[in-house]
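Here's a quick briefing to read with the structure open beside you. Take it one topic at a time, and find each residue as it comes up.

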Amino acid sequence: MTVRRPLIAGNWKMHKTGEEAVDFVNALKETVADVTDVDIMIAPAFTALTQLSAVLNGTNIGLGAQNLHWEAQGAYTGEISTAMLQSAGCQYVIIGHSERRQYFGETDQDINRKIDTASKADLIPVFCIGETESQRDAGETFNILDKQIKNGLEGLLSENLKSLVVAYEPVWAIGTGKTATKEQAQEAHAFIREWFAKNYEAELAQGLRILYGGSVKPSNVKDLMAMEDIDGALVGGASLDPQSFSQLVNFKQ
Ligand code: PGA
């Protein structure tokens with residue numbers, strides 16, 4: 001059986017200036033310094049990347065961005081390229097978060113180009129998928145996941161997906177305090193892993209890290225992480241406070 005290394009990732013969304021981000025890391029780093037069997041990632045706003053990169057140097061905490069553009073450069077006001085992210089110290093990039101889909105009109109095709117670009121540049125893509133409440137109520141969850149994965153990965157070869165991370169984030173659970181039950185999350189994760197086994201190879205599917213996201217907090221992380229196909233968490237609200245983020249990272253204790 002493949003042992004997948006857990007990843008606990010903080011998505012800060014539009015929170016924290018560079019100074020606030022540095023204060024956070026200074027409060028966090030000692031409390032997670034002994035964690036050697038879990039990967040840790042923080043995705044701050046673009047403006048905090050360079051400052052954070054400097055304080056993360058020499059720690060066990062990785063750095064991620066919340067978005068990128070697929071072109072290398074050009075007349076794309078407000079956008080940011082992989083080379084810019086890498087020069088700011090990023091190893092990861094979140095792609096296709098439901099807030100980007102919902103408020104900024106990101107399509108599966110945009111997401112497809114972004115995953116392609118990120119993976120070819122050796123940035124680890126954290127590819128977000130998930131159904132809305134009405135889609136779940138209509139029994140459409142698996143169809144939606146199938147469509148999002150298929151379109152998001154169209155044309156991509158398994159050799160480009162070696163570092164891919166998938167985040168299952170049911171839209172109804174994001175920022176609402178309504179976590180999916182561990183059984184609901186496990187069911188979706190098992191479906192996703194099976195999708196990769198069918199459409200790529202068993203080995204890729206077995207090694208794929210699938211994070212759960214949606215109101216993860218210190219009180220529910222242990223139960224979620226105990227499920228067979230849950231390999232980590234993508235955390236919004238509870239990642240903003242160093243104490244609660246540290247408890248999430250230390251979920252084994
Ligand atoms: P939440 O956000 O933990 O605040 O629900 C999760 C996310 O949007 O990634």
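Before you start, keep in mind that this is a predicted model. We'll begin with the ligand and its surroundings, then look at aromatic rings, and finish with a couple of residue pairs.

**Around the ligand**

- The ligand has 13 residues around it, and the ones that come nearest are Lys-13, His-97, Glu-169, Gly-175 and Ser-215.
- What kinds of residues make up this shell? They divide into 4 nonpolar, 7 polar and 2 charged.
- Start with Glu-169, which uses its side chain: an N or O atom there is 2.7 Å from an oxygen atom of the ligand.
- Gly-175 uses its backbone instead, with an N or O atom 2.6 Å from a ligand oxygen.
- Gly-237 also brings in a backbone N or O atom, and this one lies 2.9 Å from an oxygen of the ligand.
- How much of the ligand does the protein cover? On its own the ligand has 280 Å² of accessible area, and the protein covers 95% of that.

**Aromatic pairs**

- How many aromatic pairs does the structure hold? There are 8 of them, and two are worth a visit here.
- Try Phe-24 and Phe-245: their ring centres are 6.2 Å apart and their planes sit at 50°, so this pair counts as tilted.
- These two partners come from distant parts of the chain, 221 residues apart: Phe-24 is in helix H1 (residues 18–32), while Phe-245 is in helix H11 (residues 242–249).
- Buried or exposed, what is Phe-24? Phe-24 is buried, because its relative accessible area is 3% and the cut-off for buried is under 20%.
- Phe-245 is buried as well, since its relative accessibility is 0%.
- Now hop over to Phe-142 and Phe-191, which form a stacked pair with 4.5 Å from centre to centre and 10° between the planes.
- This pair also links distant parts of the chain: Phe-142 belongs to helix H7 (residues 141–152) and Phe-191 to helix H8 (residues 182–199), with their positions 49 residues apart.
- Phe-142 is partly exposed, because its relative accessible area is 33%; Phe-191, at 23%, is partly exposed too.

**A ring cluster, and charges over rings**

- Phe-24 and Phe-245 turn up again here, as ring pairs link them with Trp-12 into a cluster.
- Trp-12 has another neighbour to look for: Lys-16 lies over the face of its ring, 5.3 Å from the ring centre.
- Which residue lies over the face of Trp-70? That's Arg-113, at 4.6 Å from the ring centre.

**Two residue pairs to find**

- Ile-124 sits in strand S5, which covers residues 124–129.
- With a relative accessible area of 18%, Ile-124 is buried, because buried means under 20%.
- Ile-124 and Ser-163 are 39 residues apart along the chain, and their C-alpha atoms are separated by 5.7 Å.
- Asp-23 lies in helix H1, the helix that also holds Phe-24.
- Buried or exposed, what is Asp-23? Asp-23 is exposed, because its relative accessible area is 53% and exposed means over 50%.
- From Asp-23 to Val-55 you count 32 residues in sequence, and in space the two are 9.7 Å apart, C-alpha to C-alpha.

Note on methods
Residues numbered from 1 in each chain as written. Predicted model: local features only at pLDDT ≥ 70, side-chain atom pairs only at ≥ 80, totals over all residues. Heavy atoms only, no water. Near = heavy atom within 4 Å. Polar contact = N/O pair within 3.5 Å; in protein donor to acceptor, adjacent residues only side chain to side chain. Areas by Shrake-Rupley, 256 points an atom, 1.4 Å probe, with all protein chains shown as cover. Nonpolar A, V, L, I, M, F, W, Y, C, P; charged D, E, K, R; others polar. Phe/Tyr/Trp six-rings, centres within 6.5 Å; stacked < 30°, edge-to-face > 60°. Helix = DSSP H or I, 4+ residues; strand = E, 2+ residues; numbered from the N terminus. Buried < 20%, exposed > 50% of the residue type's maximum accessible area, 1.4 Å probe, protein only. Lys NZ or Arg CZ within 6 Å of the ring centre and 35° of its normal.
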